[in-house]
Amino acid sequence: MKKKTVRLNGTKKPKKKFKYPKTDIEWADFTVNLWWGCMKVSLGCEHCYAEKDAKFYYRIPIWGKGTSRRKIEEAFIKLDDLQKEAASKRVTYRVFIGSMMDIFELPQKLIDKNGNKIEDITTAHLRYELFKNISDHKYDNLVFMFLTKRPSNINKMIPDAWKIDPPANVFFGTSPVDKGTAFKFIEQLLTVKGNKFLSVEPLLEEISLKPWLKDNLINFVIVGGESGGDREERFNPDWGRIIRDECLETNTPFFFKQVDRVRAIPKDLQIRHRPIEVYGCAATACKAINDESYIAMNAKATKAPKTTK
Ligand code: SF4
């Protein structure tokens, strides 16, 4: 029989705190990085917070061409722990892969935390291991949010089986920031099968997503302005309203993240829908958006958070 956790003085033993803090990237629950490091490829990369954080926490260069990526040793341990915790609580956790990397970057050499070369594997091996574990149903309580600025690489890098029958707990996402990147990135993303999302941030000009929102082609849209850098005050809340209305019209979950670091989020943009279920998510996402109580529950005022990636 299970022992009661009552201590000698009669008080209950405090619950053990989960060792991983939730991420302050509000549309996810946790972030996991297989490696740190990347190379700038788009307008949206200009004020990349991941690069700044990497320079601050890790002195060895891991950004740009010709550098190696830092392997994160604990990544798979963290995934196992998150899965165990989520299964024991009978919940799903949304896991952003990754806040300090781009999962669909071309294969790069690896170094360890002390800067020593890792000879036998590249970032491609880590990506393969993750995809294999997902295919083997090791993480069925985790929903993976793969966000990339290289959507044309997705079909080249995912397992062949995913091109026919993609896992229900994977979302493929990309980050358009203006008309040009919207057209290019979204068209590339739409060649991928499975759940798809857009993180439209930092939004740098007025764009319409309408052509791509019909028929639930996109399952989740995040919008936000830039926080930090010379483009910070550029964001016009009306740009957010245009996409908000397009999402409402097409029953696409809409998540407004931030205006910038200074300006508060206008009341009518305080909307934070999330796709709520993993399995068959398109249908449940539509249900969520039509449910007024769900909208009210998720539409909370927020202070402007950390910079966008
Ligand atoms: S914004 Fe993303 S893709 Fe661009 S450099 Fe940073 S991590 Fe890489």
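Here is a chat between a student and a tutor about this predicted model.

Student: Let's start with the big sheet. In the open sheet of seven strands, which strands stand at the edges?

Tutor: The strand order runs β1-β4-β7-β8-β9-β10-β11, and the pairing is parallel. An edge strand has a single partner, so one side of it is left without a neighbour in the sheet. That fits β1 (30–31) and β11.

Student: There's another open sheet too, with four strands. Which are its edge strands?

Tutor: Its order is β2-β3-β5-β6, and the pairing here is mixed. Inside it, β3 (residues 69–71) and β5 (residues 109–111) pair in the parallel sense over two bridges, with Arg69 opposite Leu110. The strands that pair on one side only are β2 (35–36) and β6 (117–122).

Student: Back to β8. How many of its residues are buried?

Tutor: Look at the two faces of the strand. In a regular strand, side chains alternate between the two faces of the sheet. On one side of β8 you find Val170, Phe172 and Thr174, on the other Phe171 and Gly173, and all are buried. For β8 (residues 170–174) the count is five of five.

Student: And what is the bridge partner of Phe146 in β8?

Tutor: Phe146 belongs to the stretch 142–148, strand β7, which pairs with β8 in the parallel sense over five bridges. Elsewhere in this pairing, Leu147 has Gly173 as its bridge partner. For Phe146, the partner is Phe172.

Student: What stands opposite Phe171 in β9?

Tutor: Strand β9 covers residues 195–200, and β8 pairs with it in the parallel sense over four bridges. Opposite Phe171 stands Asn195.

Student: On to helix α3. Why do its buried residues line one face of the helix?

Tutor: The buried ones are Thr123, Leu126, Arg127, Leu130, Phe131 and Ile134. Look down the axis of α3 and they fall within a limited arc, so they line one face. That arc is 130°.

Student: How far does α3 reach from its first C-alpha to its last?

Tutor: α3 (residues 123–135) has 13 residues, and at 1.5 Å a residue you'd expect 18 Å. The helix is followed by His137, whose phi is positive, near 60°. The reach in the model is close to the expected value, at 19 Å.

Student: Is Gln83 buried, exposed or partly exposed, and why?

Tutor: Gln83 sits in helix α2 (residues 75–89). It has 18 other C-beta atoms within 10 Å, and since buried takes 20 or more and exposed 12 or fewer, Gln83 comes out as partly exposed.

Student: Which residues does Gln83 touch, leaving out those up to four places away in sequence?

Tutor: Look across to Asp140, which is 57 residues apart along the chain, with its C-alpha 7.4 Å from that of Gln83. The residues Gln83 touches are Lys138, Tyr139, Asn141 and Leu142.

Student: What about Pro253: buried or exposed?

Tutor: Pro253 lies in the loop between α8 (237–249) and β11 (254–258). Ile218, 35 residues apart from it in sequence, is 9.2 Å away, C-alpha to C-alpha. With 27 C-beta neighbours inside 10 Å, Pro253 counts as buried.

Student: Last one: which residues are closest to the ligand?

Tutor: Ten residues surround the ligand. By class, this shell has five nonpolar, no polar and five charged residues. The closest are Cys38, Cys45, Cys48, Asp102 and Lys149.

How values were computed
Residues numbered from 1 in each chain as written. Predicted model: local features only at pLDDT ≥ 70, side-chain atom pairs only at ≥ 80, totals over all residues. Near = placed C-beta within 6 Å. Nonpolar A, V, L, I, M, F, W, Y, C, P; charged D, E, K, R; others polar. Contact = placed C-beta atoms within 7 Å. Expected span 1.5 Å × (residues − 1). Arc of directions from axis to C-beta. Pairing = 2+ DSSP bridges.
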